[in-house]
Amino acid sequence: MSKSVTVRVPGKVNIYLGVGPREFSGYHELATIFQSLGIYDEVTVSPADTLTITALGSFADRIPTDSTNLAWQAAQLVARACGQDPNINIQIQKTIPIAAGMAGGSADAAATLVACDAYWHAGIPRDQLDAMAATLGSDVPFMLHGGCALGIARGDVLSPVMTRGSF
């Protein structure tokens with residue numbers, strides 16, 4: 001295992017968000033355009049005696065450090081998939097504002113999926129990471145890819161959108 005793995009992940013905005021009627025699953029059908037931003041969180045996974053989360057930065061006092069955190073849940077998913085005990089510390093250096101619609105928690109979950117995969121040398125195929133991300137939340141699959149994308153269904157079915165210029 002590596003000593004530690006750090007993943008930098010951007011926030012996002014929805015340039016467009018169309019919400020359809022609620023489906024039998026309880027979710028609404030969505031059509032959205034996601035766009036990554038130039039504001040980032042950093043997630044570092046390192047060895048620990050048990051699964052813990054340490055939060056740093058401006059919004060650290062508002063980050064849950066228990067199993068309600070999506071990053072915690074992401075670590076559990078990867079650990080289960082590769083047969084590891086999740087004895088790690090997830091350090092979240094928080095810069096993406098909380099509860100601002102910028103997918104900060106989803107970004108941290110996506111970064112944790114990638115960091116844990118690298119930390120445990122699991123080699124989980126991208127489509128499996130995408131499936132794991134979708135179980136964590138509608139924004140998490142986009143946060144694995146970034147850039148600009150059209151999201152449909154719950155927002156988790158993605159198609160890249162080509163863009164040019166600065167926004």
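**T44.** I looked up T44 first and found it buried, with a relative accessible area of 15%, where buried means under 20% relative accessible area, exposed over 50% and partly exposed in between (1.4 Å probe, protein chains only). I note that this is a predicted model, in which local features need pLDDT of at least 70 and side-chain atom pairs count only at pLDDT 80 or more, while totals for chains, interfaces and linings use all residues. Residues are numbered from 1 along each chain as its sequence is written, and side-chain values use heavy atoms, with hydrogens and water left out.

T44 lies in strand β2; helices (H or I, at least four residues) and strands (E, at least two) are DSSP runs, numbered from the N terminus. I found a polar contact between the side chains of T44 and T6, at 2.8 Å. Such a contact is a pair of N or O atoms within 3.5 Å; within protein, one must be able to donate a hydrogen and the other to accept it, and residues adjacent in sequence count only if both atoms are side-chain atoms.

**Strand β4 and its partners.** I then followed β2, residues 28-47, to β4, and these two strands run antiparallel, joined by six bridges; strands pair if DSSP finds at least two bridges between them. In this pairing I see P47 opposite I88 of β4.

On β3 (residues 52-57), I found parallel pairing with β4 (residues 88-94), again over six bridges. The chain passes from β3 through helix α1 (residues 70-82) to β4, and I recorded this β-α-β crossover as left-handed; for reference, a crossover is right-handed if, with the strands pointing away from the viewer, the path from the first strand over the helix to the second runs clockwise. Facing residues that I noted include T52, opposite N89 in β4, and I53, opposite I90 in β4. I also checked the cover of β4, and five of its seven residues are buried.

**V78 in helix α1.** V78 lies in helix α1, and I entered V78 as buried because its relative accessibility is 0%. Its C-alpha atom is separated by 9.6 Å from that of A115, although the two residues are 37 apart along the chain.

**Two alanines with positive phi.** In the loop between β4 and α2 (104-119) I found A99, which has a positive phi of about 60° although it is not a glycine. A103 lies in the loop between β4 and α2 as well, and its phi is also positive, near 60°. I list A99 as exposed, at 77% relative accessible area, whereas A103 is buried, at 10%.

**A surface patch.** Last, I looked at L150, I152 and V157, which form a nonpolar patch on the surface with about 210 Å² of accessible area together. Patches are made of residues with over 30% relative accessible area and no salt bridge, like charges being joined within 9 Å and nonpolar side chains (Val, Leu, Ile, Met, Phe, Trp, Tyr) within 5 Å. A salt bridge is a side-chain nitrogen of Lys or Arg within 4 Å of a carboxyl oxygen of Asp or Glu, and accessible areas come from the Shrake-Rupley method with a 1.4 Å probe, with only the protein chains shown counting as cover for residues. V157 is found in strand β6 (residues 157-160), and I recorded V157 as partly exposed because its relative accessibility is 42%.
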